Amino acid sequence: MLAIGLQESRFMFRYQKLVGKPYQKGPARGFWQFERGGGVIGVMSHEATKAHAERICGLRNVPFDSVLVHARLETDDVLAAGFARLLLLTDPRALPDVTNSVGAWDCYIRNWRPGKPHIETWAKFHQQAREAVL
């Protein structure tokens with residue numbers, strides 16, 4: 001999750017910045033850059049995560065509504081982290097070993113499905129994440 005957060009937002013941006021349009025927000029929210037029609041609805045509707053998503057929404061005092069959850073992800077880092085972890089739970093494959101950068105990249109691509117993936121930054125971010133947890 002640390003490597004994915006670094007890859008998605010550098011833990012600096014809580015909403016997607018549109019290239020060439022500095023004053024307009026893109027559709028992604030939170031440090032893990034969730035879009036409402038993608039990760040938010042996916043986590044809220046998947047059989048493995050729906051009940052967990054409802055519970056975390058209750059704990060964070062946000063109604064279980066994709067529009068409201070999506071908006072809250074921009075300011076509620078605990079909710080954003082919860083949804084990021086739940087998105088990983090929707091993957092039928094096991095999480096890769098923490099030392100497996102290629103496996104982690106594959107997991108990220110499978111689950112986040114970024115529009116413009118940047119593999120050239122992944123190794124550095126994965127290494128930073130490993131150093132933070134090992």
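Trainee: How much accessible surface does the protein have, and what share of that surface belongs to carbon and sulfur atoms?

Mentor: In this predicted model, the accessible surface of the protein comes to about 7,900 Å², and carbon and sulfur atoms account for 55% of that area. The counterpart to the surface is what lies beneath it, and here buried residues make up 39% of the 134 residues.

Trainee: Which elements make up the fold, and in what order do they run?

Mentor: The protein has 7 helices and 2 strands, and from the N terminus on the order is α-β-β-α-α-α-α-α-α. The radius of gyration is 14 Å, close to the 14 Å that the globule rule gives for 134 residues, so the protein is as compact as a globular protein of that length. Taken along the principal axes, the C-alpha atoms fill a box of roughly 40 × 35 × 25 Å. If we consider contacts between residues at least 6 apart in sequence, 52% of them join residues at least 24 apart.

Trainee: How many charged side chains of each sign are there, and how far apart do the centres of the two sets lie?

Mentor: There are 18 positive and 13 negative side chains, and the centres of the two sets lie 4 Å apart.

Trainee: Turning to a single helix, is α1 mostly covered or mostly open?

Mentor: A general point helps when reading any helix: an α-helix has 3.6 residues a turn, so residues three or four places apart point the same way. In this structure α1 is mostly covered, with 6 of its 8 residues buried, namely A3, I4, G5, L6, Q7 and S9. Those buried residues pack against α5 (77-89), α6 and α7.

Trainee: What should I look for in the backbone just after α1?

Mentor: The sign of phi is worth checking, given that most residues other than glycine have a negative phi, and most peptide bonds are trans. Just after α1, R10 takes a positive phi of about 60°, and F11, although not a glycine, has a positive phi of about 55°. F11 lies in the loop between α1 and β1. A further case is Q33, whose phi is near 55°, a positive value in a residue other than glycine; Q33 lies in the loop between β2 and α2 and, at 9% relative accessibility, counts as buried.

Trainee: How many aromatic pairs does the structure hold, and why is the pair of F11 and F31 called edge-to-face?

Mentor: The structure holds 8 aromatic pairs. In the pair of F11 and F31, the ring centres are 5.3 Å apart and the planes stand at 65°, so the pair is edge-to-face, since planes over 60 degrees apart are given that name. This pair links distant parts of the chain, for F11 sits in the loop between α1 (2-9) and β1 (15-18) and F31 in the loop between β2 (21-29) and α2 (36-45), 20 residues apart. As to cover, F11 counts as partly exposed at 27% relative accessibility, whereas F31 counts as buried at 9%.

Trainee: How are the rings of Y108 and W122 arranged, stacked or edge-to-face?

Mentor: The rings of Y108 and W122 have their centres 5.3 Å apart and their planes at 15°, so the pair is stacked. Y108 belongs to helix α6 (residues 101-112) and W122 to helix α7 (residues 119-133), and the pair, 14 residues apart, links distant parts of the chain. Y108 is buried, with a relative accessible area of 2%, and W122 also counts as buried, at 3% relative accessibility. Both residues belong to a cluster in which ring pairs link F34, F83, W105, Y108, W112 and W122.

Trainee: Where is H118 found, and which residues does H118 touch beyond those up to four places away in sequence?

Mentor: H118 is found in the loop between α6 and α7, and is partly exposed, with a relative accessible area of 40%. Leaving aside residues up to four places away in sequence, H118 touches Q7 and W105; Q7 is one of the buried residues of α1, and W105 is one of the residues in the aromatic cluster. The C-alpha atoms of H118 and R36, by contrast, are separated by 22 Å, and these two residues are 82 residues apart along the chain.

Technical notes:
Residues are numbered from 1 along each chain as its sequence is written. This is a predicted model: local features need pLDDT of at least 70, side-chain atom pairs count only at pLDDT 80 or more; totals for chains, interfaces and linings use all residues. Side-chain values use heavy atoms; hydrogens and water are left out. Rings of Phe, Tyr and Trp (its six-membered ring) pair if their centres lie within 6.5 Å; planes under 30 degrees apart count as stacked, over 60 as edge-to-face and the rest as tilted. Helices (H or I, at least four residues) and strands (E, at least two) are DSSP runs, numbered from the N terminus. Buried means under 20% relative accessible area, exposed over 50%, partly exposed in between (1.4 Å probe, protein chains only). Contact means heavy atoms within 4.5 Å. The radius of gyration is taken over C-alpha atoms; the globule rule is 2.2 Å times the number of residues to the power 0.38. Accessible areas come from the Shrake-Rupley method with a 1.4 Å probe; for residues, only the protein chains shown count as cover. Lys and Arg count as positive and Asp and Glu as negative; His and the chain ends are not counted. The place of a charge is taken as NZ of Lys, CZ of Arg, CG of Asp or CD of Glu.
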